[in-house]
Structures are given as C-alpha cells and as structure tokens.
Amino acid sequence: MKMHFCIPVSQQRPDALGGRYVLYSVYLDGYLFCRVRYSQLHRWNEQLRRVFGNSLPPFPPKYYLAMTASMADERRDQLEQYLQKVTMDANMLRSDVFIDFLKLVQLDTFSITTKTAALDIFLPDGRNIQIEILTSDTAERVLEVVSHKIGLCQELLGYFGLFLIRFRKEGKLSVMKKLADFELPYVSLRSAGMENCKVGLRKWYMDPSLDSMLMDCTAAVDLIHMQALQDIEQEWAKPTQAQRQKLEALQKEDNQTKFLELSQEVRHYGYLQLDPCTCDYPEPGCGAVLSVGNDEISCCITLPDNQTQEIIFQMSRVKCWKVTFLGTLLDVDGPQRTLNQNLELRFQYSEDSHWQWFVIYTKQAFLLSSCLKKMISEKTVKLAAENPEMQIEVPEQGKSKKCHIQQSQKDSSRFPPRKSKIEIAKADCVFGTIKEEDL
C-alpha cells in the first residue's frame, strides 16, 4: 500500500570541503520523518537493487554539473515518487535493508542514539502501560512488546495499531496519525512537536463486523470494549437513549460480549471521528464534522444559518481522491517538523449520474486518506472471500500483498507549486475492480 511520503522542501548546506549539498526534508503523513542527502538515498537504492533487482522503480540519475533550479525541483519530485513507489512492495517494506536504513535516518535526523528507554502506551480506558524498549525499535516491534505485556494473541496484531494521539481541553482527544510499521514510536513522539501527545493503542479496521474475528481472545475483547466505551464517552459513537440504557446495564453486569453485540447497532460505532473542519458544500466555508467507517464518510455540516445537515458518502461511489498541501512550512529556517495545517482532501463522487468534487479542509487529511484506503482494502478482502473466482490473493490482515484485479479507485498526494499528481480512475467505481497495491 502506497505511503504518504512527500518532499515539499529542500535546503542547501555547506559541506566539510567548502562545497554545498542538498538536504531533503522527507515528510510522512504530514510530519517530518527524516532529512537525507541524495547520496544516502542513492546508496540505499543500490543496496535494495542488489536484493530485489529490477523490481525497484527508477531512481533519479546523478548530475555531474551544477543543477539549475528546475533540475533541482525535478529531482525532488522524482525522489518523492521513488519513495512512494518503493513502499508499494510489501516484501520490500519488511526487508532488513529497507527497515535498517529508515531506522538510521530517523535517529540521525533527530540526534537520538540507540539506547534502552521507557515508553508509555495509552490504552483506550485512559490507563498507561509502561514498556521497556530500544529507541530504535519500530512500531511493529513495539506493538509486539505491548501485546506480550497485555496478553494479546500474536495472530491478531494486524487488527491493531499504534497512533499518535493528542489530548485536548475537557478530555477530548484527537487521533493525529497512525504510525507506520517502520516508524520509531520513541522518535516520532519526540519529533511531532505537539503538546499533550501520546502513543496510543487502538484497533485498526474500519469495518465494525470484524469485531467477530477477535472474540476468542480475552485481551482483544478487553481492548475493543475499552475503545467502545471511549468512543461513546467522546461522542464518536452515538447511541439512542434506549441503547444507552441497555449498554449501561450490560456494563454493570460486566457482560462485554453482549455489550459489543449491542454496540454493533449503535450509530457510528467503530468509526473514527475527525476534529471539526470546513468544507465547500453546499457552499465554501461551511463547518463540518466527519466520521469515517463501515464503507462510508458521514459528514455533519453546519450551514451559514447554523442549521445542520448530514450527508453520507458511500465509498462505492467514490472514484478517486487527493490530498493537497495549500500552505507553507512552519519554521522554514528552523526545525521544519510539521507542515502548516493548510491541507485539503478532495474526492470525486458520483451523484445523480454526475461526478463532482467534494473538498474537505482538515489538518487530518492524511489520516482521512489512510482510513479511505483501509476501507477499500477491507472491502477487497471481503470480496475475495465471497468470490474465489476473482483470483485475488487475499492479504493477511494488516499486511499488504499483491492482488490481480484491475484498479478503479486511487488516491494521490500533491504539494504545489509542483504539478498535480491526481490519477483519475477508469469508468465507474466498482469494488470488484480495485487493485489494492496501488491504493
């Protein structure tokens, strides 16, 4: 599955010999991931090519003469495309040569040495559990350590993930991003540049019916029960008064199974709710609250007259989407750790036999894009199970593998003033024609 890598900026730095070199700031999901030189990426590409051969995407060529401004922009664009494409190969993502390099550049960028450290993991019930890790441990490794401590079955790890979660006033929380398997949680937490931020453990699937896959593991049931309670408390899940009374009674009885069964009927159960944002429908500047899950985007819009309107966008009618960076970097001459929160996600949607764009302005645009990709991935797996004749290689939960069906839904990320990278999908959107590896 393609990662949201981008290189929106580069800087020239003096080297030890009196010359100059270019340092590229690589962002992942809108947050600074690392800073690297072309020569570092070139050596990494050579190492990958020795292992994976010609399956790698083209790498930008060397220039032996001084680069012009247009050549520098072209190289930056090519490096960004390289990073996006190289992360589409699941085997490459899990290889030592891939992970070891990204671990090294993350540590080097933020001047963190490898050492033993304590890391608090926030659970959905508000508790923190402290684990001992290495600062160089990846999110995948940290998740394994956490699961061992709480007794979570190893085969169910793909249903959960580690997230950066920010705590706001009055107990409200915001899920800022999901940590990729190769990210270093210790480093990401310290480099995010956000106050009241923690690494949290949450389930990572958008189809609420997948709860049924976890019911034989006590620790997994505990976790999804905690999250159900938290989502109701945060008003992300919206039970009716009658449902609330039944849920409270089941909670008093400590009947987690029945509680979760009833939760399936609750509106927006299992959805991820974004922070309040704005959209362009039915007119520019309208306030909106988005909830994403169960193959839909639920959008509660506040109109100029303060009336509210709820619109449901079914994923089966979404043709494509793109994330666009509209603003500037924060602290251009300083840490450059976060992008200015001027991000938009726009998606093309079929309504009354016409395709139209719906635009959402939110600092969580990359997280929203990840949720959309997750819903498509889960739908692909479900269709594969229901239709063996489709000849799809069903991915392991939480892992991306190749499948042999034609794509018709795509996402794209672009960063002006560089050219648009929107990829328009073919014909109508049908889940049976999605190619997951390109999502």
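Ring pairs, in which the centres of Phe, Tyr or Trp rings (for Trp, its six-membered ring) lie within 6.5 Å, join Phe5, Phe33, Tyr38, Trp44, Phe59, Tyr82, Phe98, Phe101 and Phe182 into a cluster. The model is predicted, with local features needing pLDDT of at least 70 and side-chain atom pairs counting only at pLDDT 80 or more, while totals for chains, interfaces and linings use all residues. Residues are numbered from 1 along each chain as its sequence is written, and side-chain values use heavy atoms, leaving out hydrogens and water.

Tyr38, a member of that cluster, also has Arg75 over its face, 3.7 Å from the ring centre; a charge sits over a ring if NZ of Lys or CZ of Arg is within 6 Å of the ring centre and within 35 degrees of the ring normal. Elsewhere, the charged end of Lys319 is placed over the ring of Trp355, at 5.1 Å from its centre.

The structure holds 18 aromatic pairs. The rings of Tyr159 and Tyr205 have centres 5.9 Å apart and planes at 85°, so this pair is edge-to-face (planes over 60 degrees apart, whereas those under 30 count as stacked and the rest as tilted). Because Tyr159 lies in the loop between helix H5 (139-150) and strand E6 (160-167), and Tyr205 in the loop between strand E8 (197-203) and H7, the pair ties together parts that are 46 residues apart in sequence; helices (H or I, at least four residues) and strands (E, at least two) are DSSP runs numbered from the N terminus. Both Tyr159 and Tyr205 are buried, meaning under 20% relative accessible area with a 1.4 Å probe and protein chains only, against over 50% for exposed and partly exposed in between. Phe313 and Tyr349 are likewise edge-to-face, with ring centres 4.8 Å apart and planes at 90°.

The largest nonpolar core (buried Ala, Val, Leu, Ile, Met, Phe, Trp, Tyr and Cys residues joined through side-chain atoms within 4.5 Å) has 57 residues, and those with the most contacts inside it are Ile121, Phe160, Leu162 and Leu201. Helix H7 (residues 218-233) gives the most to this core, with eight residues. Domain 1 (5-110) and domain 2 (116-270), with bounds from an automatic or database domain assignment, both give residues to this core, so it lies between them. Apart from it lies another core, of 41 residues, including Phe163, Val292, Ile297 and Ala365.

Finally, 17 of the 22 residues of H10 are buried, so this helix is largely enclosed by the rest of the structure.
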